[in-house]
Amino acid sequence: MEDVGRLSELAQLISEKNEHDAKITGIVGRPALIGHVGEYIASRIFGIRLHESATHKGSDGEFTSGALAGCSVNIKWYAKNESVLDLHTTQPPDFYLVLTGPPPSSTAAKGGVRPWLISRVYLFTTPVIHAALAQSGAKIGVASSVRKAQWIDAELYPTPKNELLVLSEEQRSMIAMFG
């Protein structure tokens, strides 16, 4: 009987999640998946015009103003900052804008939660990160292992290290809403 009670509770929670996902989809105009939602958030905070198609090769959109206007960008949102980055080898964007949650805890993943939080934001220049990975002998592609120093150099939020994109107080406040 305990299994029936747990399944009933799980069914109710999934029903509530589906209701929330439908509301999120109504806001972002795409399925309520972390990648699509991250693209929507980034587009509003960083002035990015998203491509009409979510399947556009290599990039999700272009910056619309400032020093990066017209540059293509691929947006990533990772629930945990595990020092990996999915990189495109064909048709790469000019930049990767990466939103991450906290680093993983030392506890095992089993039973762990991956809440949708934004703790840090990074901006990687594609030729620079590709060259650094190639020089170190790391693979370039899905789940490329990026060294800690490269993450530090690319950081925009909360500690501004990368001067290619300086955040306004309004942008910092908007990011903080998701922390």
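A131 sits in helix α3, which covers residues 126-136; helices here are DSSP runs of H or I with at least four residues, strands are runs of E with at least two, and both are numbered from the N terminus. With a relative accessibility of 45%, A131 counts as partly exposed. That class lies between buried, under 20% relative accessible area, and exposed, over 50%, using a 1.4 Å probe and protein chains only. From A131 to G35 there are 96 residues in sequence, and their C-alpha atoms are 26 Å apart in space.

Before we go on, a word on the model. It is a predicted one, where local features need pLDDT of at least 70 and side-chain atom pairs count only at pLDDT 80 or more, while totals for chains, interfaces and linings use all residues. Residues are numbered from 1 along each chain as its sequence is written, and side-chain values use heavy atoms, with hydrogens and water left out.

Now step back to the whole chain. Five helices and eight strands make up its secondary structure, and along the sequence they follow the pattern α-α-β-β-β-β-β-β-α-β-α-β-α. Taken along the principal axes, the C-alpha atoms fill a box of roughly 60 × 35 × 35 Å. The chain has 179 residues, of which 36% count as buried. Its accessible surface comes to about 10,600 Å², and 57% of that belongs to carbon and sulfur atoms; the areas come from the Shrake-Rupley method with a 1.4 Å probe, and for residues only the protein chains shown count as cover. If you look at contacts (heavy atoms within 4.5 Å) between residues at least 6 apart in sequence, 49% join residues at least 24 apart.

Charges can be summarised briefly. The chain carries 17 positive and 18 negative charges, and the mean positions of the two sets are 5 Å apart. Lys and Arg count as positive and Asp and Glu as negative, with His and the chain ends not counted; each charge is placed at NZ of Lys, CZ of Arg, CG of Asp or CD of Glu.

Let us move to the interior. A nonpolar core here is a set of buried Ala, Val, Leu, Ile, Met, Phe, Trp, Tyr and Cys residues joined through side-chain atoms within 4.5 Å. The largest such core has 23 residues, and F46, F63, L97 and V121 have the most contacts inside it. At least two residues of this core come from each of α2 (34-46), β3 (72-78), β5 (95-100), β6 (120-125) and β8 (155-157). Helix α2 gives the largest share, five residues. A second, separate core has 12 residues, including Y96, I129, V146 and W151. Back in the largest core, F63 is worth a closer look: leaving out residues up to four places away in sequence, F63 touches F46, G47, I48, L68, A69, G70, C71, V73, F95, L123 and L165.

Helix α2 deserves its own visit. Its buried residues are H36, V37, G38, E39, I41, A42, S43, I45 and F46. At 1.5 Å a residue, its 13 residues should span 18 Å, and the end C-alpha atoms are 17 Å apart, which agrees; the expected span is 1.5 Å times one less than the number of residues. After α2 comes G47, with a positive phi near 65°. Two residues of α2, I45 and F46, are also contacts of Q171, as is V166, leaving aside neighbours within four places in sequence. Q171 lies in helix α5 and counts as buried because its relative accessibility is 13%.

Finally, the loops. Between β1 (48-50) and β2 (61-63) we find S59, which counts as buried because its relative accessibility is 6%. Aside from neighbours within four places in sequence, S59 is in contact with H51, S72, V73, N74 and P93. S83 is in the loop between β3 and β4 (84-85); its phi is near 65°, a positive value in a residue other than glycine. With a relative accessible area of 27%, S83 is partly exposed. Q91, in the loop between β4 and β5, has a positive phi of about 55° although it is not a glycine, and at 52% relative accessibility Q91 counts as exposed. Our last stop is the loop between β8 and α5 (169-176), where P158 is found: the peptide bond from Y157 to P158 is cis, with omega near 0°.
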